[in-house]
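Subject: Handover of a structure with its ligand

Dear colleague,

Please find below the structure that I am handing over to you. I would be grateful if you could read the notes beneath it alongside the model.

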Amino acid sequence: MSNEVIIACDFNSQEKTLEFLQQFKDEKPYVKIGMEVFYGNGPEIVRQIKQQGHQIFLDLKLHDIPNTVYHAMSMLAQLDVDMVNVHAAGTIEMMKAARKALDDHGSKAILLAVTQLTSTTEEAMHEELLISKSMQETVAQYALNAKMAGCDGVVCSPLEVEIVKKVCGKDFQTVTPGIRFATDSKGDQKRVTTPAIAHQLGSDYIVVGRSITKAENPVEAYRLATKQFQTGEE
Ligand code: C5P
């Protein structure tokens, strides 16, 4: 278990992202760069944050035909990021294309597959996506597909870590968003837990966005999330 907190830096500009990170003087948090800032600013933001010594999870959730994913992931492989991801719903063949792109370009980035977004309820999955299995069974099957394709782990809710580890083994990484402090509101997230519960459930990494970025004191909130995640105590 790596027990690291990854901060989801969901800002709309490069300036705001860098300004936010400047508050951290004594630690270099693992940073998640998502679609908003990447699409708005391009790869330069990744290079800058990397230069400052942060590890980066580039969360672009690729989902397209295997050939397109291969070429897109080949581009990302050259950015020297530490973690990247695809949607498991893109099929085993698509995930294999992502794996091959990283390997062909000598990238050591951890490759994750998104199982079901933590904003998706079981009801929406049944009624809109027409998936009749339970959330737990669906996530377990997607995780197994990801493992067969050569992914290193999955993005899932902490509530699904146990089943993923049971099906894919304890070394298969689980990166879990949907984290809130006990006192926070859930926002648009549905399948949420606290950092302490994520520890108890066996998550390897937690992704925390608004509970840190929108906190009055983000550095304190980051330290609190880290402490709770590492000790399993609120
Ligand atoms: O602000 P909050 O803590 O909800 O942010 C969670 C982050 O994790 C967001 O950047 C979101 O895109 C990402 N994420 C997620 N659920 C997934 C995969 C990624 O919430 N299954």
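The notes below cover the ligand and then the salt bridges.

The model is predicted, so to read it please note that local features need pLDDT of at least 70, side-chain atom pairs count only at pLDDT 80 or more, and totals for chains, interfaces and linings use all residues. Residues are numbered from 1 along each chain as its sequence is written, and side-chain values use heavy atoms, with hydrogens and water left out.

There are 17 residues around the ligand (a heavy atom within 4 Å of it), and D10, K32, T118, G209 and R210 come nearest. This shell divides into 7 nonpolar, 4 polar and 6 charged residues; Ala, Val, Leu, Ile, Met, Phe, Trp, Tyr, Cys and Pro count as nonpolar, Asp, Glu, Lys and Arg as charged, and the others, Gly among them, as polar.

Three side chains place an N or O atom at these distances from the ligand: K32 at 2.7 Å from an oxygen atom, T118 at 2.8 Å from a nitrogen atom, and R180 at 2.9 Å from an oxygen atom. The protein covers 88% of the 470 Å² of accessible area (Shrake-Rupley method, 1.4 Å probe) that the ligand has on its own.

The whole structure holds 14 salt bridges (a side-chain nitrogen of Lys or Arg within 4 Å of a carboxyl oxygen of Asp or Glu). In one of them, E44 pairs with R47, with the closest N and O atoms 3.4 Å apart. Because E44 and R47 are 3 residues apart in helix α3 (residues 44-51; a DSSP run of H or I, at least four residues), about one helical turn separates them.

Yours sincerely

Technical notes
Polar contact = N/O pair within 3.5 Å; in protein donor to acceptor, adjacent residues only side chain to side chain. Helix = DSSP H or I, 4+ residues; strand = E, 2+ residues; numbered from the N terminus.
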